[in-house]
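Reader: Before I use this model at the bench, I would like to go through the terms that describe it. Please set each value against its definition as we go.

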Amino acid sequence: PRPILLTRHGESLDNVRGRIGGDTVISDAGELYAKKLANFVEKRLKSERAASIWTSTLQRTILTASPIVGFPKIQWRALDEINAGVCDGMTYEEIKKNMPEEYEARKKDKLRYRYPRGESYLDVIQRLEPVIIELERQRGPVVVISHQAVLRALYAYFADRPLQEIPHIEVPLHTIIEIQMGVSGVQEKRYKLMD
Ligand code: F6P
């Protein structure tokens with residue numbers, strides 16, 4: 001069985017400010033996580049050949065991968081966070097206050113709701129298809145460093161969770177979700193490396 005390790009990027013400056021989307025760098029805590037992750041990955045995948053590290057094209061995932069050495073790194077646009085369109089850079093409070101109809105519509109149907117000029121969860125699920133095909137084709141372990149909405153969708157695929165649940169699955173920061181695909185099905189472990 002070969003593991004797939006799923007993790008969000010280390011805490012970003014936008015995470016600290018409560019802003020969605022954006023392309024900020026990681027905070028001091030985020031950098032600490034990047035180091036802990038590198039340690040974990042180097043120990044966990046030491047004897048594994050053909051392992052690779054996949055990130056999105058956003059700074060926060062690339063920076064989180066940067067302390068990891070010895071494995072090839074690949075950037076995927078399809079691993080970028082859900083595009084929040086006109087709401088990119090706002091806090092949930094600001095959306096609620098300035099665009100109450102949008103806020104309510106998303107609350108009502110988070111799976112299907114599409115941000116104006118942005119994406120829905122269903123859009124994200126669709127664009128992940130080539131990533132999933134490639135993940136299944138890999139011979140070695142893969143570390144996927146991505147974002148909350150994207151990882152909810154990827155996780156749901158491997159853990160076989162229903163579509164409706166996807167936007168609500170817990171994928172906390174600074175936690176590695178390890179998925180093992182064996183003959184007897186899928187096994188999961190979570191490693192919380194820090195708060
Ligand atoms: O807040 C971090 C973040 O990754 C945002 O960039 C993104 O819009 C959001 O999480 C996705 O989570 P939710 O679908 O619950 O708003």
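Author: The ligand is surrounded by Ile-20, Gly-21, Glu-81, Ile-82, Ala-84, His-147, Gln-148, Ala-149 and Pro-167, where a residue is taken as near a molecule if its C-beta atom, placed from the backbone, lies within 6 Å of it. This is a predicted model, in which local features need pLDDT of at least 70 and side-chain atom pairs count only at pLDDT 80 or more, while totals for chains, interfaces and linings use all residues. Residues are numbered from 1 along each chain as its sequence is written.

Reader: What makes the residues of that shell nonpolar, polar or charged?

Author: Ala, Val, Leu, Ile, Met, Phe, Trp, Tyr, Cys and Pro count as nonpolar, Asp, Glu, Lys and Arg as charged, and the others, Gly among them, as polar. By that scheme the shell divides into five nonpolar residues, three polar and one charged.

Reader: How confident is the predictor, in terms of pLDDT?

Author: On the pLDDT scale, which gives the predictor's confidence in each residue from 0 to 100, the protein averages 96, and 99% of the residues score at least 70. The model as a whole scores ipTM 0.99 and pTM 0.97.

Reader: Why are β3 and β6 said to stand at the edges of the sheet?

Author: The open sheet has six strands in the order β3-β2-β4-β1-β5-β6, with mixed pairing. β3 (73-75) and β6 (185-192) each have a single partner strand, so one side of each is left without a neighbour in the sheet. Strands here are DSSP runs (E, at least two residues), as helices are (H or I, at least four), numbered from the N terminus, and two strands pair if DSSP finds at least two bridges between them.

Reader: How do you know that β4 is paired with β1 and with β2, and in which sense?

Author: β1 and β4 are joined by five bridges in the parallel sense, and β2 (residues 52-55) and β4 by four, also parallel, so both pairs satisfy the requirement of at least two bridges. Arg-8 stands opposite Ser-146 in β4, and Ser-52 stands opposite Val-142 in β4. By contrast, β5 (residues 175-182) and β6 pair in the antiparallel sense over eight bridges.

Reader: What makes β4 largely enclosed?

Author: A residue is buried if 20 or more other C-beta atoms lie within 10 Å of its own, exposed if 12 or fewer, and partly exposed in between, with C-beta atoms placed from the backbone. Five of the five residues of β4 are buried, so the strand is largely enclosed by the rest of the structure. Val-142, Val-144 and Ser-146 cover one side, and Val-143 and Ile-145 the other.

Reader: Why does Leu-151 count as buried, and what is it in contact with?

Author: Leu-151, which lies in helix α8, has 20 C-beta neighbours inside 10 Å and therefore counts as buried. Leaving aside neighbours within four places in sequence, Leu-151 is in contact (C-beta atoms, placed from the backbone, within 7 Å) with Leu-6, Arg-8, Ser-146 and Val-171.

Reader: Is Arg-114 called buried, partly exposed or exposed, and why?

Author: Arg-114, in the loop between α5 (100-108) and α6 (121-127), has 16 other C-beta atoms within 10 Å and is therefore partly exposed. Beyond its neighbours within four places in sequence, Arg-114 is in contact with Glu-119, Ser-120 and Asp-123.

Terms used
Two residues are in contact if their C-beta atoms, placed from the backbone, lie within 7 Å.
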